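Me: I would like a close look at a single part of this model, followed outward into its surroundings. Please treat the matter in one connected account.

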Amino acid sequence: HPAWHEKDIYSTRIDGSEIVANIFLNIEFGDTPHTLVRDAVMPFVDGFARLQSRPVRAFLCHASEDKQFARALASELSQLGTSVWLDEWEIRVGDSIVGRIDEALSTVTHIIVLLSENSVNKPWVRKELSAALMRQLSQQNIRLLPIRLDGATIPTILADLKYADGLKGLPSVVAELQHAFQSDR
């Protein structure tokens, strides 16, 4: 409404250690007068709920031969608002590779493991997976999310985990990961 001023739309106050914000919405239904108020307001409610939820910080564990899929997956997830750690985005010339990976593994909430004939026996993938499992066992709330890219044998340590099927394509994998992220919040 043009006669409203910004101060009339929201107010904030400090309540102990929290900041409380009140936001007032003016929703005009125009050509859709039969729209339910609930349907009009739910996107705002969902958005505010996401602001309060635990942020997703995902580490992408993969073999260099699977880099193309890793890049595409990282880009898709980033565009959807997930913080993704991908080695080539984070490790710079002169950085300690082990140090940067260890630092990342200490802050992530999810480890996405790309399982393929290329990766299941790679030393780096095994080390990252071992570190993730140790952190998971020590109650650091890291969730492993395996993605099977081909007919690779799933490592025994991951055999009881449901995996996303990469053979169904990137959109299917992204949808499954988004569902997993939402259930963790």
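By class, how many nonpolar, polar and charged residues does the lining of the largest cavity have?

Reply: The model is a predicted one, and the account below should be read accordingly. By class, the lining of the largest cavity comprises six nonpolar residues, one polar residue and one charged residue. The structure holds one cavity of 30 Å³ or more, and the volume of the largest cavity is about 30 Å³. Its lining consists of Val113, Leu115, Ser119, Val120, Val125, Arg126, Leu129 and Pro155. Two elements, strand S5 (110-115) and helix H6 (123-137), are those that give two or more residues to this lining. Helix H6 makes the largest contribution, with three residues.

Strand S5 leads from the cavity to the nonpolar interior. The largest nonpolar core has 21 residues, and those with the most contacts inside it are Leu73, Ile112, Leu114, Ile147 and Leu177. At least two residues of this core come from each of strand S3 (57-61), helix H3 (67-79), strand S5, strand S6 (143-148) and helix H7 (170-184). A second, separate core has 20 residues, including Ala104, Leu115, Leu129 and Ala152. Leu115 and Leu129 thus belong to this second core and also appear in the cavity lining.

Within the largest core, Leu177 may be taken as an example. Setting aside residues up to four places away in sequence, Leu177 touches Leu73, Leu77, Ile112, Leu145 and Ile147.

Strand S5 also contains His110. With a relative accessible area of 1%, His110 falls under the 20% limit and is therefore buried. The side chain of His110 forms a polar contact of 2.8 Å with that of Thr109. Beyond residues up to four places away in sequence, His110 touches Arg54, Val56, Arg57, Ala58, Phe59, Arg143, Leu145, Phe181 and Asp184. Leu145 is thus among the residues touched by His110 and among those touched by Leu177.

A residue at the surface completes the picture. Val98 lies in helix H5 (residues 97-105). Its relative accessibility is 54%, and because this is over 50%, Val98 counts as exposed. Val98 and Glu128 are separated by 30 residues in sequence, and their C-alpha atoms are 9.8 Å apart in space.

Conventions
Residues numbered from 1 in each chain as written. Predicted model: local features only at pLDDT ≥ 70, side-chain atom pairs only at ≥ 80, totals over all residues. Heavy atoms only, no water. 1 Å grid on protein atoms, 1.4 Å probe; cavity = no way out; pocket = protein on both sides within 12 Å on 5 of 7 lines; lining within 4 Å. Points joined across faces, edges and corners; volume = space filled by probe spheres on them. Helix = DSSP H or I, 4+ residues; strand = E, 2+ residues; numbered from the N terminus. Nonpolar A, V, L, I, M, F, W, Y, C, P; charged D, E, K, R; others polar. Buried < 20%, exposed > 50% of the residue type's maximum accessible area, 1.4 Å probe, protein only. Polar contact = N/O pair within 3.5 Å; in protein donor to acceptor, adjacent residues only side chain to side chain. Contact = heavy atoms within 4.5 Å. Core = buried A, V, L, I, M, F, W, Y, C linked by side-chain atoms within 4.5 Å.
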